[in-house]
Amino acid sequence: PVVYLLHGMPGSPSEYLDGAGFLAAADDGIAGGTLEPFLAVLPAAGPAGRYDGEWAGPWEHDLVDEIVPWVDAHLPTSPSAGDRVLAGLSAGGFGAVDIALRHPAVFGRAASWSGYFTPLHDGPFKGAPRTVLAANDPVELVRRRAAALRRDGLRFFLSTGPYHSHWFRPQQTVSFAAELAALRLPVELRRYPSEQGVWTAQVRFPR
């Protein structure tokens, strides 16, 4: 199985290694028997470090059409949607849910850690028409595709810590989880009331 980890914006893949405790969480889970061994892939978005935009447009294309096929061709993966998790924190959490909803045949699990669920007018979405924004709006996508998503078996793991920006309010995560549950889509929600160590706490993978 492979976990694809999308970084926040602005940010870089190193945030998982340097700040979120990813390696320790993975080692502890595997050693303790709560996780099976897995591959982790940390792609980067943007033409340069500290890119500030969305996981959409060319970065979605790179992930789905180039990175995933390359990983399956060169590494000992289990190449099925059910064995691919797409996860992200903050803006990466938006990207993980948006991309998984648009490509359920590629990703069978989507995890958002303190993400948001409305496309922002930046990066590839800057000046985008309503049709493009609607095509990348997780709420609209789940409402339109609920029956197909139930058939495909896409599962969701959502978690949220305290407020950390006006774009990332905990209630957004709670409301989106309620939307998924109402549509009979499998979702697990966790809330973390304390700001201390919240990123590390959230980077504990769905079972």
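# Exercises on a predicted chain

Read along the sequence, this predicted model follows the pattern β-α-α-β-α-β-α-β-α-α-β-α-β-α. In total, the secondary structure of the protein chain comes to 8 helices and 6 strands.

## Exercise 1: The overall form

Task: Work out why the radius of gyration of the protein chain agrees or disagrees with that of a compact globule.

Solution. Begin with the length: for 207 residues, a compact globule would have a radius of gyration near 17 Å. Next, take the value for the protein chain, which is 16 Å, and therefore the two agree. The box filled by the C-alpha atoms, taken along the principal axes, is roughly 45 × 40 × 40 Å. Finally, turn to the contacts with a separation of 6 or more, where residues 24 or more positions apart account for 72%, and to the cover of the residues, of which 49% are buried.

## Exercise 2: The sheet

Task: Determine in what order the strands of the open sheet are arranged, and which of them are edge strands.

Solution. The open sheet has 6 strands in the order β2-β1-β3-β4-β5-β6, and its pairing is parallel. The edge strands are β2 and β6 (187–191), since each of these pairs on one side only. From one strand to the next, the twist averages 15°. Helix α3 (residues 58–74) packs on this sheet, where it touches β1, β2 and β3, and its direction makes about 145° with that of β1.

## Exercise 3: Strand β1 and its neighbours

Task: Describe how the residues of strand β1 point and whether they are buried or exposed, and then find how many bridges join β1 to β2 and to β3.

Solution. Start from the general rule that the side chains of a regular strand alternate between the two faces of the sheet. In β1, Val2, Tyr4 and Leu6 point one way, while Val3 and Leu5 point the other way. Strand β1 (residues 2–6) is mostly covered, with 5 of its 5 residues buried. Now follow the pairing on each side: 3 bridges join β1 to strand β2 (residues 39–41), whereas 5 bridges join β1 to strand β3 (residues 84–89), and both pairs run parallel. On the β2 side, valine 2 stands opposite leucine 39, and valine 3 has alanine 40 as its bridge partner. On the β3 side, the bridge partner of leucine 6 is glycine 88.

## Exercise 4: The loop after β1

Task: Explain why histidine 7 counts as buried, and identify the backbone atom that lies 3.1 Å from a polar atom of its side chain.

Solution. Histidine 7 is placed in the loop between β1 and α1 (14–18). Its relative accessibility is 0%, and because the cut-off for a buried residue is under 20%, histidine 7 counts as buried. The atom asked for is the backbone nitrogen of alanine 45. Beyond its sequence neighbours up to four places away, histidine 7 touches a set of residues including Pro43, Ala44, Trp55 and Leu89. Proline 10 is found in this loop between β1 and α1 as well, and the peptide bond leading to proline 10 from methionine 9 is cis, with omega near -10°.

## Exercise 5: Two positive phi values

Task: Decide whether serine 114 and arginine 184 are buried or exposed.

Solution. Serine 114, in the loop between β4 (109–113) and α5 (130–135), has a positive phi near 50° although it is a residue other than glycine. Its relative accessibility is 5%, so serine 114 counts as buried. Arginine 184, in the loop between α7 (170–182) and β6, has a positive phi of about 60° and is not a glycine either. With a relative accessible area of 60%, arginine 184 is exposed.

Note on methods: Residues numbered from 1 in each chain as written. Predicted model: local features only at pLDDT ≥ 70, side-chain atom pairs only at ≥ 80, totals over all residues. Heavy atoms only, no water. Buried < 20%, exposed > 50% of the residue type's maximum accessible area, 1.4 Å probe, protein only. Helix = DSSP H or I, 4+ residues; strand = E, 2+ residues; numbered from the N terminus. Pairing = 2+ DSSP bridges. Polar contact = N/O pair within 3.5 Å; in protein donor to acceptor, adjacent residues only side chain to side chain. Contact = heavy atoms within 4.5 Å. Rg over C-alpha atoms; globule rule 2.2 N^0.38 Å. Axes fitted to C-alpha atoms, helices over the stretch in contact; angles between N-to-C directions.
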